[in-house]
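Let's take a walk through this protein together, moving from its overall make-up to a few individual residues. Please keep the viewer open as you read.

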Amino acid sequence: MLFTAAASVLPPETIALLNAVVATSMLTTPLLGMLYLRYVVPRLGPRSERSPDAISETNPVIVAGFGRFGQVVVRVLRGLGIRATVIDHDPEQIETVRRFGFKAYYGDATRMDLLESAGIRKAKLLFVAIDDPEAAMRMVKRVRQRFPDVQLLVRAHSRTDAYEYAELGVPAVREMFASALDAASELLLRLGYAPDNVRRVVQRFREYDERQIGEQAPHRKDTKKLIELTEQGRRDIAQLLAADVALAPVDENDAGADPQRPGREGGRQRLVQE
């Protein structure tokens, strides 16, 4: 019992009552908390939120989302002197990047009225790099309806997203694809493959996989068909890359011309080791 230690001070009836009260409160507190969140909090009205910043410029490019992905793109644009209006919904992120000298506006870029105020009707391109893939998809569809003349480029969070954007006819950049290919390039170089061959192999793989996105997109909801196409793709790319490297001429001036080095056989480089 909860109050047995006080048995010598309090009457048994009082101890029993106190135990009952404590036990009841322990049982009902979680339920009351759930009821409060569900029925009381909504009636208190919306919490005050920061108003979107007034956008005082019109630029040829609008970047929606200024996280790790969007920041790299904007840095390249700035290096080339290409002006871009940057919008992000995270106020802390906005304040942080401003301290580092970036000009960015706080606001929800999925709102069409905010894009209107950002000058989307005069912009050449909208780059969608927001973190929420579902919100990005909704945004793209709405922008195409509302502002059909603006070019779109979208960050695809997954291959599934890439399929859907391909069906919409919207160019998309898969966020992990390029960095994974960079890793593959570095790995092949460390295994002893010649740089020219590595560049050719990776480019061939990129082109083939991008082509597959368009071919597989119409079947994205048919798992059985996707599996069949993926298995066929694995066979095709293995043959394609192996043939491409095997036919590549060897630069005898290259220090890697040693036939004993990894990936070489009979004066030719090979990708698939047997």
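How much area does the protein expose, and what percentage of it do carbon and sulfur atoms supply? The exposed area is about 17,800 Å², and carbon and sulfur atoms supply 56% of it. Bear in mind that this is a predicted model. The protein has 274 residues, of which 34% count as buried. Its secondary structure consists of 9 helices and 8 strands. If you take the contacts between residues at least 6 apart in sequence, 60% of them join residues at least 24 apart.

**The sheet**

An open sheet is built from 6 strands with parallel pairing, and their order is β3-β2-β1-β4-β5-β6. At the edges are β3 (105-106) and β6 (172-174), each of which pairs on one side only.

Let's start with β1 (residues 61-64). From this strand, Val61 and Val63 point one way while Ile62 and Ala64 point the other way, and all are buried. This fits a general pattern: in a regular strand, side chains alternate between the two faces of the sheet.

Strand β1 is joined to β2 by 4 bridges, the two running parallel, and to β4 by 4 bridges, again in parallel. Valine 63 lets you follow both pairings. Its bridge partner in β2 is valine 86, and in β4 it stands opposite phenylalanine 127. From there you can step onward, as phenylalanine 127 stands opposite leucine 153 in β5. Strands β4 (residues 125-128) and β5 (residues 151-156) run parallel and are joined by 4 bridges. Helix α6 (residues 159-168) packs on the sheet, where it touches β5 and β6, and its direction makes about 160 degrees with that of β5.

**Salt bridges**

Side chains of opposite charge can pair when their charged atoms come close. In this model the count comes to 14 salt bridges, including these:

| Acidic residue | Basic residue | Closest N and O atoms |
|---|---|---|
| Glutamate 57 | Lysine 103 | 3.5 Å |
| Aspartate 113 | Arginine 111 | 2.6 Å |
| Aspartate 209 | Arginine 174 | 2.7 Å |

The pair of aspartate 209 and arginine 174 links distant parts of the chain, with aspartate 209 in helix α8 and arginine 174 in strand β6, 35 residues apart. Both aspartate 209 and arginine 174 are buried. Salt bridges with shared partners also join Arg159, Arg174, Asp209 and Glu210 into one network.

What about the pair of glutamate 57 and lysine 103? Glutamate 57 lies in the loop between α1 (12-40) and β1, and lysine 103 in the loop between α3 (91-99) and β3, so the pair ties together parts that are 46 residues apart in sequence. Lysine 103 counts as exposed because its relative accessibility is 52%, the cut-off being over 50%. Aspartate 113 is partly exposed at 43%, and arginine 111 is partly exposed at 36%.

**Helix α8 and a surface patch**

Arginine 206 lies in helix α8 (residues 195-216) and is partly exposed, at 29% relative accessibility. Which residues does arginine 206 contact, leaving aside its neighbours within four places in sequence? They are Phe177 and Leu181. Arginine 206 and alanine 178 are 28 residues apart in sequence, with their C-alpha atoms 8.7 Å apart in space.

Finally, Val72, Val76, Leu80 and Ile82 make a nonpolar surface patch of about 360 Å². Leucine 80 lies in the loop between α2 (68-79) and β2 (84-88), and is exposed, with a relative accessible area of 63%.

Key. Residues are numbered from 1 along each chain as its sequence is written. This is a predicted model: local features need pLDDT of at least 70, side-chain atom pairs count only at pLDDT 80 or more; totals for chains, interfaces and linings use all residues. Side-chain values use heavy atoms; hydrogens and water are left out. Two strands pair if DSSP finds at least two bridges between them. Contact means heavy atoms within 4.5 Å. Axes are lines fitted to C-alpha atoms, for helices over the stretch in contact, and angles run from 0 to 180 degrees between N-to-C directions. Patches are made of residues with over 30% relative accessible area and no salt bridge: like charges are joined within 9 Å, nonpolar side chains (Val, Leu, Ile, Met, Phe, Trp, Tyr) within 5 Å. Accessible areas come from the Shrake-Rupley method with a 1.4 Å probe; for residues, only the protein chains shown count as cover. A salt bridge is a side-chain nitrogen of Lys or Arg within 4 Å of a carboxyl oxygen of Asp or Glu. Buried means under 20% relative accessible area, exposed over 50%, partly exposed in between (1.4 Å probe, protein chains only).
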